[in-house]
Amino acid sequence: MPDQNQEAPPSISQGGNAQASNVSVRTHITIDPITRLEGHGKIEIFLDDAGAVQRAYFQVPELRGFEKFVQGRPAEEMPQITSRICGVCPTAHHMAATKALDDLYKVDPPPAAKMIRELIYSTFIAEDHALHFYFLGGPDFVVGPNAPAADRNVLGVIAKVGIETGKKVITMRRRLRELVALAGGKAAHPVFGLPGGVAKHITSEAQKQFQEVADEAVDFAQFTLQLFEEVVLKNSDYVSLILSDAYTHRTYYMGMVDSQNRVNFYDGLIRVVTPEGKEWKKFASQKYLEHIAEHVEPWSYVKFCYLKSVGWKGFTEGEGSGIYSVAPLARLNASDGMATPLAQKAYDAFFSTLGGKPVHHTLANHWARLVELLYAAERMKELAADPELTDDNIRVLPTEKPKEGIGIVEAPRGTLIHHYQTDENGLIEKANLIVATQNNAARIAMSVEKAAKKLISGANVPEGVLNQIEMAFRAYDPCNGCATHSLPGSMPLLVRVRNQSGNTLTTLRRDCNGSVHRD
Amino acid sequence: MLNRDPRASEISQDRFEPRIVAFFCNWCTYLAADLAGTSRLKYAPNIRVVRLMCSGRVDPQFVLDAFAHGADGVFIGGCHPGDCHYQEGNYKALRRYRLLKRVLKDMGIEEERFRLEWISAAEADRVRSAINQMVEKVRELGPLNLQVKDAPKASTEEVCV
Amino acid sequence: MPEIPSVSGPEDVRIGVYVCHCGTNIAGTVDVKALASYAACLPHVAVSREYKYMCSDPGQALIEVDIAEHDLNRIVVASCSPLLHEATFRRVLARAGLNPFLLQMVNIREHVSWVHSDRKTATEKAKDLVRAAVRRVSLHKPLEKRRVPINPSVLVVGGGIAGIHAALKLADAGKQVYLVEREPTIGGHMAMFDKTFPTLDCAACILTPKMTAVGSHPNIKLYTYSEVVKVDGYVGNYKVRIKHKPRYVNEDLCIGCQECITACVYKEGKTPDEFNLGLSKRKPIYLAFPQAVPQKVVIDRDTCIEFKSGKCKKTCIEACGERLAIDFKQKETFEEIEIGAIILATGFKTFAPERNPSCGYGQYPNVYTSLEVERLINASGPTGGEVILRDGKRPTSVGIIHCIGSRDANSNRWCSKVCCMYSLKLAHLIKEHTGAEVFNFYIDMRTPGKGYEEFYDRLLDEGVHFVRGRVADVSDWAVHPSEEGKLVIRAEDTLAGFVRRIPVDMVVLSVGLEPQTDAQDVRRLFNISCSSEGWFLERHPKLAPVSTFTEGIYIAGACQGPKDIPDSVAQAGAAAAEALALIDAQSVELEPYTAAILEQDCSGCKSCIPLCPYQAITFVDEKKKAYINEVLCKGCGTCVAGCPSGSIQQNFFEDDQIFEEIEGVLAYA
Amino acid sequence: MRYAYYPGCSLRGTGRSYEESLLAVFRALDVEIDEIDDWNCCGATTYMSVDELTSYALASRNMALAERGHSEIIAPCAACYLVLNKTQHYIREYPSIKIVVTRALETIGLEYHDRIRVRHPLDVLLNDVKPENIAAKVKVPLNGLKFAPYYGCQIVRPYSTFDDQRDPTSMERLLEACGAKAVHYPLKTLCCGGSQKGTLPEVGLDLVHYLLKEAQKNGAEVVATVCPLCQFNLESFQKEAGERHDETSLPVLYFTQLMALALGAPAHTIGLQRGFVPIEPLLTTKEIAYA
Amino acid sequence: MIPCKPKVAFYWCASCGGCEEAVVDLAEAILDVVAKVDIVFWPVAMDFKRKDIESMAAGSITATFLNGSIRTSEQEEMAHLLRSKSQLLVALGSCSHLGGIPGLANLFDRTSILREVYIQPPSTVNTGGTLPQAHYQDNGHSLELPVFHETVRSLDQVVDVDYYIPGCPPTPKTFAAALQTLLSHQLPEKGSVLAPDCALCDECPRKDTKPEKPVFSEFKRPQQMLVDEQKCLLAQGFLCMGPATRAGCEALCVRGNMPCTGCYGPTSRVRDQGAKILSCLAALLESKDEQEIDRVLGTIPDPVGTFYRYALPGSLLRRKKLDGVPQAPLAPR
């Protein structure tokens, strides 16, 4: 394949670097969560001669090519194959794929099956949001952005909220995951999704377990919101941090809503609102191609989504730029409310505190996530209570010849789209996958650059900078190429300031236990 | 004028000489190959015979292993349907062969590189012709070059992209 | 998966490699010196030698000495096919105190030197094979042959002269013999013959005593009108299922008085008589021929009125009276017998001349087959020994055409061996009976055998005419008036060098011998091989002419190839001796190539159970794992290949051993 | 399926009646054929005896042409039929011949893939059309007209692709489907003497006589042939042969002429008028209402 | 085994993160683990730019658990580095054990993958045919991406591996047990897979419902038929990889009423999981007629994708043959 030599990236090597620094006449900073490629942001910051940030790049250096290698596989295997795109939100991919199969075979699952699906899904959302708040994003606030990094992790959280709460968090997560496994086979990479239904019905024993855990989950969600209020909202520094311009972007927002425009994770229409918060479009899954497009940059493996009709205008915000955002904040912005009472209260509190819709502050994602956590828990409770849940009519066998199917769900990290075309035998001929974080990729890139520009000037980089820049993209709970998170505090960072000849002047390094070294 | 020399199929230096691994059952094809010997039939020397008691013993792993270690073709010889010394081993071989052929196709290995023949103890000439045919076919296809197993751990050839 | 080292096996492996020249058989094509020195450099090889004849005593001694001196623990012999000398060299290892299964043979004769002519490539191939053997043998493990007791009784299939002779020999040796014959009587083809060449003694006179001996022998259980339908088990321990076809006559009660036949409502026979090849007619109830053994009548249900309409007066039953031997209710019955060895003597069938239209059989009534003529001139035959043609004429001129269905690319290529001699015999007898002019048309006159050539000379003196030339056709088209109304035999007289047209009254076709129509079914039933012509295949054409590739099954008589009576009898004796040698050993060693379940590894998935044709694999409910009964296992290895978790292992054909061999042949350069 | 049709030289010369009647039969039985465009000599007779390789090249050219768009080729002339078969046989058997032929064809931009099957009209009518269907289409039954089925040497020897080498019967089966009756005729594959006529005329004449006399003796009213050379030989030398021995007078026809007749083709369109021994009287006596 | 607390490290290459989740799924038990070992980095150790790792003493890490397969240059380099710094290198999860599901990419070549992802999707607007570049100048800013290799490889195809923990992902139980074994004083034989060594049927809750003589006249796809929640899935005609797959997961998928897809890989006695299940299932067909055989086998729509779902790179053939591109130096003939 000779043409590869053009397309193909040469091996990265010291030589490559040397060459890089030779041609680069400007000082060059690399903030690199280093070689952990999976789902990793790699940040390249370029200073001008004055030492001001001229351009910061947010790169995703990972690709596995699912779209290609699913070709020839039987469609019914997609829920299991595509869940391997992400081990953290496998259930989201599993569900999107399963819905795509319904569409592919033109089958409508029986009521019980739908309930089981949404029950498992809500359980998963609750678990995932909880994980993020306590293990990943939360520590920034609970423990504090400027606390020593060593404490900014789940153990730090536990220290802060008390070992009992800590255990509670861990136990809650375990029990939620056990439920997913109970109904879906496995917690990581479940197996329940089939065209026209689910593989296994819910026994009354199982239902009881769901009911118990659901109750606890609701309490837990409220408790967590409580915690957030006390630790964050009652701390003016945090609030101002959230509101600070460094973490603010005026973009479109996208999310799935039910018939009354309330947030829904499992099913509904896709709603997009303008930076002013007005409804811009509302469309069904099958129409996604009319509204969503992806842009390719040669310096990243991730594709950048934008609104087709608005168009790609580069990394700029505002009404004129097609860049939009997904995930908790976007979902709240794109909706008119929540479908459950307690969550609705939290929703109102959220917007009233942050000055009405839409909220453009990236860091507000953390709060929005907790509102959703509460909704998910409440939804669990509703479904678990339903007597029809244990009905054993859980499958409709397809009769149609398969051809094309599209399935969309709201993954914890945003809108997730699976689109398949198959032959008559139901073997995949073409698959198009738009994963949650792709939708956010452009805005994340902007957030990072903005933060960098705000926080860095010249060769001397203050220590706080690292985590704050990190916060900029962690707020999205990014799952680049939908792979995985990076754990706070343990995220090793490096800022290297090079002079024009590319020699390092100073390096700032923080290792996993958070201690910062200057050498 | 007519070239009736059976050694027409013997090999010469410049041509590509395929390596073919053959699995012969002890009761039919292996005997036929012995008979070909006692009858002094001449055939292409590109074949390497591994003796098994029955074609039903041919584990698809053996076939893949042969390809993976540089075989350009794999040949299975068994008793005719109904003639298996162990009653039905050859049918099992046939079923495995049919499915394995599909797998090999999906793995980009040309059909003609993998062949199953029923050759009874008496059919020495069948051994000759079948082997010659296969060698010719595989020679046309050229080397397979699938020596993955022995490939160096730090495979550089892939970074050539 | 961890890398498998290219040459695995214990470090202390010390291999001796022995390359045989086999005179020039191998050395002529393979550079044995180069081969030996190449082998010497292979891993674990301690000694590598080449020698003129490895299988010779000095050759064997060479290996024995080396094993002691270089304390070798693995041996590779590169010589002929393992099927020929594996046993020989395993004995060598045993003598030297090594387990015989630590040997691997490389077939560089049948598979290399004899089938290739380019020295260079042949040597390369030999190297590959030796390298593979060296790698394989280092993984060999000591194995023990299994000993199983032998059932001392023998089954003989086929009641022709060969079967009869074999049965009598074994019975006289005190062995229990079961003789199974599908016809109502034993005797086979020989019983149909009139005289036997070259001595011209009457076939019946020498055969019938042996037939009656069989019938009355205490050690022989005779099953006529019976067939073998199923064969299970293995050498020394065969289980055979026999079908007894209904005779509608109780064999124990019938005394062979034949009154029933006389009494039959049919005054005259209406059915073509099988024994007389349709030259006469028989009744529905009949005795195949006067000397039939057993002397029990049989009813042919296709022609018996009682069976057709159920409205017969059943005069036969009256005639039988209180003996009550006739039983229209008889059903076919089955019987299981257990024996240790089997002798197949299922004989031959004669070529059907209709297949060769130009010889006129079926078109012209006066064209006969040689077998028909045997009956025609037989005193107890349809015409009481007088040669009267189908059209009532008595022939004044007779043409005997040889090689009908023999030595003919259009039918059978082989020489049927007996035709020349029986044609001479018939020529003599016909001349004797009719005084007619007799012409023999032959391709070559083949009379090897004691007194055969002399018999030929005698006929020349008797004035029988011999035309050397293949007959073009037999027809009734006349060129000269003298030919009108006669059968004209056209043949090129290759001695005189022109085409002869010889008009005769009678044409005798010397039909060749062919395998029985159901030879293929029979060989499948007994799990032996056939040659491409369809004759039963012997283990070795010279050294094991009556053995087959299936232990404990022997072949005798014309089922193995055309034979005359003396040869058939000789072979029958040989087969009997082989069987005796086997069962008198009382126990037999079985190859240890059996498969075994690795119990701790078996997941109990049951996948292997349906794969075993011998029901050797069972599921043990207590352990929830599969189990292989070693005695029932024949070692095909199908289950080994089929076990999805690799939890079945076959002795001497372990996966790793085979992988080594595969990778060995490919690890060139 | 459409067959490629290769008439060969005879059918455009002495064998005209053969082609006329054959085509009539094909028309009547809806056998669709396309004559090969730009066919050449099959390579029989002279070529075969002078330079084998050239005749293989000639034959394979015809087949190469036929291969374009056809999988089967009909060769009615016995000689053509034999040569085409022989060529295929040799090309398969002997690589060296294959090479020569391939090279020869290359020079004229042709390639022979050995994908074509050589068929004889007897074969096609018997095995593709089938007697029962022919019987169904018979318009003029031949009312038990007695014929001697004469095949000659080339149709079934050495390649007996569709009938027995020593006792072919296809012609009988076809003509009896048309209402004719075969007589016992042991000479059906005897040499017609055609080739001897040039070298040993009297041998040739004797053979002609035996063939005709035997036919007559066994009650044949016509001799049915499948080979232009046989037909020509038997018919044109009947008189001469009669002079050497006792006289015979038998019409010698192509089997296709009889079939065409039965299938309703007008006599003059299938060359019946050309016979040396006039056929009309016979047809009248047999009350065969031919057109 | 080591006086002070052993230092344990985690790292990952081309994987989904599910394996790390499996570790998190130890839940409360994680605290016990933390007590036993120093997790020197999780998910990664100190800032380890090349030079930093290079500066580490060889073997200064007791055990590195590496998940994910090797697809990019950077992953390959890191694998080598970590190998040199670790006493034990443990392949964690299907991807590093056998290549995993992303290993199915070995059925295609890299070019077609890049085109499929960046040029062909209906939602992608890329008229210029832009593809990610390993080295790119964005108005003077030089940016780098790791090289996307032609072939996905399992970890042991790149560096020596001491142990394997199978599964996609390994169950917490499997992981905990493996960890126990490694902490124990007698280490298992190098190259061991740290899980039970017999097939899944052994621990399958439906084992007893499998008939004595399973034979097949057709294979079913789950959407074609309702799945009995009690009966052996193979007995129902669904293609279950259980018989050819290592036990240890306690048949989670089967408990979820779906067939095993083989993520624990083959047993130690098998070199090619796909070949083995193929051999087993095909042999168990009933028919002796070639056409019927093909028909029945035709009801397996995607043999390679099914038999090698997790193990293509780790299989004997490793990948689909690339036309024209020799996969190994041409062997001397």
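Modeller: Let's start with the term we will lean on: a polar contact is a pair of N or O atoms within 3.5 Å, and within protein one must be able to donate a hydrogen and the other to accept it. The model is a predicted one, and side-chain atom pairs count only at pLDDT 80 or more.

Biologist: Happy to start there. How many residue pairs meet that rule across the interface of domain 1 of chain D and domain 2 of chain D?

Modeller: Six residue pairs are in polar contact across that interface, both residues being at pLDDT 80 or more. On the side of domain 1 of chain D that touches domain 2 of chain D, helix 1 (16-28) and helix 4 (78-93) of chain D each supply at least two residues. Helix 1 of chain D has the largest share of that side, with nine residues. By class, that side divides into 15 nonpolar, eight polar and three charged residues.

Biologist: What makes E20(D) and R274(D) a salt bridge?

Modeller: Their side chains meet at 2.8 Å, N to O. The cut-off is 4 Å from a side-chain nitrogen of Lys or Arg to a carboxyl oxygen of Asp or Glu, so the pair qualifies. The count between domain 1 of chain D and domain 2 of chain D is one salt bridge.

Biologist: Where do the two domains of chain D lie in the sequence, and how far apart are their centres?

Modeller: The assignment gives 2-121 for domain 1 of chain D and 138-285 for domain 2 of chain D. Over C-alpha atoms, their centres are 25 Å apart. The contact draws on 26 residues from domain 1 of chain D and 23 residues from domain 2 of chain D.

Biologist: And what area do they bury between them?

Modeller: About 1900 Å², with 70% of it on carbon and sulfur atoms. The size of an interface is often given in this way, as the accessible area lost when the parts come together.

Biologist: On to chain E. Why is the pair K173(E) and E250(E) called a salt bridge?

Modeller: The closest N and O atoms of K173(E) and E250(E) are 2.7 Å apart. With a Lys nitrogen and a Glu oxygen inside the 4 Å limit, the name therefore applies. The rule finds one salt bridge across the interface of domain 1 of chain E and domain 2 of chain E, and five residue pairs in polar contact there. Helix 5 (94-98) and helix 7 (172-183) of chain E each give two or more residues to the side of domain 1 of chain E that touches domain 2 of chain E. Helix 5 of chain E gives the most, three residues.

Biologist: How many residues of each domain of chain E are in contact, and what area is buried?

Modeller: In the contact, 11 residues of domain 1 of chain E meet nine residues of domain 2 of chain E. The buried area is about 610 Å², carbon and sulfur atoms giving 59% of it.

Biologist: One last residue, S406(C). How do you know whether S406(C) is buried or exposed?

Modeller: Its relative accessible area is 1%. Buried means under 20%, so S406(C) is buried. S406(C) sits in the loop between strand 21 (397-404) and helix 12 (419-434) of chain C, and its contacts include W414(C), R470(C) and G512(C).

Biologist: What makes the pair S406(C) and S416(C) a polar contact?

Modeller: Their side chains come to 2.7 Å. That value is within 3.5 Å, so the term we started with fits.

Methods
Residues are numbered from 1 along each chain as its sequence is written. Chains are lettered from A and ligands numbered from 1 in the order in which they are written. Side-chain values use heavy atoms; hydrogens and water are left out. Helices (H or I, at least four residues) and strands (E, at least two) are DSSP runs, numbered from the N terminus. Buried means under 20% relative accessible area, exposed over 50%, partly exposed in between (1.4 Å probe, protein chains only). Contact means heavy atoms within 4.5 Å. Domain bounds come from an automatic or database domain assignment. Buried area is the accessible area (1.4 Å probe) that two parts lose on being put together, summed over both. Ala, Val, Leu, Ile, Met, Phe, Trp, Tyr, Cys and Pro count as nonpolar, Asp, Glu, Lys and Arg as charged, and the others, Gly among them, as polar. Lists of a residue's contacts leave out its neighbours within four places in sequence.
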